[in-house]
Amino acid sequence: MQAERFRPLVESKGPYESVYYDDSHDTEDAPAQRDLKWRAMREELEQHGASAEVVEILERAVVDSPPAVGRSGRALIAGADGLLLDETLIRPMDTPVVRMSSLPYLVPLVEHGALHPTYAVVAVDHTGGDVAVHRDTKVSAETVDGDGYPIHKADTAETAGYGDPQKRTMEAGRKNLRAVAERLANLVDDESPDVIFVVGEVQSRSDLAATLEQRVAERVVELEVGARHSGFDDADLQHAIAQEFLKLRLATIDRAAQQFSQAIGQRSGLATQGLDGVCAALRAGAVETLIIGDVGDATVVAGADLSTIAPNANVLSELGTAPDQTLRADEALPLAAIRTGATLVRTDERITPDDGVAAVLRYAMP
């Protein structure tokens, strides 16, 4: 996950209440189950010493929100500045997580949170295309219709001198698709979408692909969910998009694992592992990708802020900094990585780094 989406958390004030729970709405008694879950979470928050104001904020978020659709999970993080994060998880939590801490807890969100890249959906045929750009929770839509008409061959005989109607029809369709391709090129330059999903019948998608510039084509994913004007089910479209994002998540994990394993194997200095190495890389701003495994209850220490994070007080003392804070590693390391713009990845069985944490680096450490 990219660090930018968590930037408000870095700039906010604690203490923080981090809540993760099963928000599924797939049974008749789902509303009653939600109330029971909230009561249990509220009791735990109160036991942790959460303020009445924050408990009320979280209660409104849980109880007053529209019900989820089917199986779902939920992530809520609140602090002194109010509700800071409210997101859907791609799958429910097996057990609820309720934490009160000086830092927000992000690991479940890195593992189960929905990806939020900027992406575009283009429904195309030979008359043009409908383009929708999704950025965060906002959608901007437009229609691109070229002026290449007619795009259908006439049923009656053509008058001599007007040329081959089929050739004119084909050229009109290509002209309309070129208009869509030109708009997508401008979109890539202006909005830089991570993915462009193209919907339409096979020939339209194929003909559009032939007109795209390389920088656009490399972002395109074709979806077989229907055609532009004959219609397609929005649920099918969203499911197809979710599946592609899941592939993107798995590819990101695989790429990080390969980069880490290759760098460690070659001893290139472009990867490190363990609390000592990762803390040093974070202090230097050298972390490109933080790989989070099973950190357990490990702790780290820091000075006045996370820029001086270290595995223990002795290391921090050697740096000339007093250990002002003792922090959970699974909270402090992700926040320190976010401060330097690193990507966060939750690893699986592909790699088992020392102390449950590793990093791919921007440059080799001394």
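Here is a short exchange about helix 2 and the open sheet in this predicted model.

Me: How do you know that the span of helix 2 agrees with its number of residues?
Reply: Helix 2 covers residues 30-48, which is 19 residues. The expected span is 1.5 Å times one less than that number, so 27 Å should separate the ends. The end C-alpha atoms are indeed 27 Å apart, in agreement.

Me: Which residues of helix 2 are called buried, and why?
Reply: They are Ala30, Trp38, Met41 and Leu45. The word applies because their relative accessible area is under 20%.

Me: What makes you say that these buried residues line one face of helix 2?
Reply: Looking down the axis of helix 2, you find them within an arc of 70°, so one face is what they line. The general rule helps here: an α-helix has 3.6 residues a turn, so residues three or four places apart point the same way.

Me: And what covers those buried residues of helix 2?
Reply: The cover includes strand 1 (16-22), helix 3 (52-63) and strand 4 (97-101).

Me: Happy to move on to the sheet! Why are strand 3 and strand 4 called edge strands?
Reply: The open sheet has four strands in the order 3-2-1-4, with antiparallel pairing. Strand 3 (82-89) and strand 4 each pair on one side only.

Me: How do you know that strand 2 and strand 3 pair?
Reply: Pairing needs at least two bridges, and strand 2 (residues 73-79) and strand 3 have seven, in the antiparallel sense; therefore they count as paired. As one of the bridges, Ala75 has Glu87 in strand 3 as its partner.

Note on methods
Residues numbered from 1 in each chain as written. Predicted model: local features only at pLDDT ≥ 70, side-chain atom pairs only at ≥ 80, totals over all residues. Heavy atoms only, no water. Helix = DSSP H or I, 4+ residues; strand = E, 2+ residues; numbered from the N terminus. Buried < 20%, exposed > 50% of the residue type's maximum accessible area, 1.4 Å probe, protein only. Arc of directions from axis to C-beta. Contact = heavy atoms within 4.5 Å.
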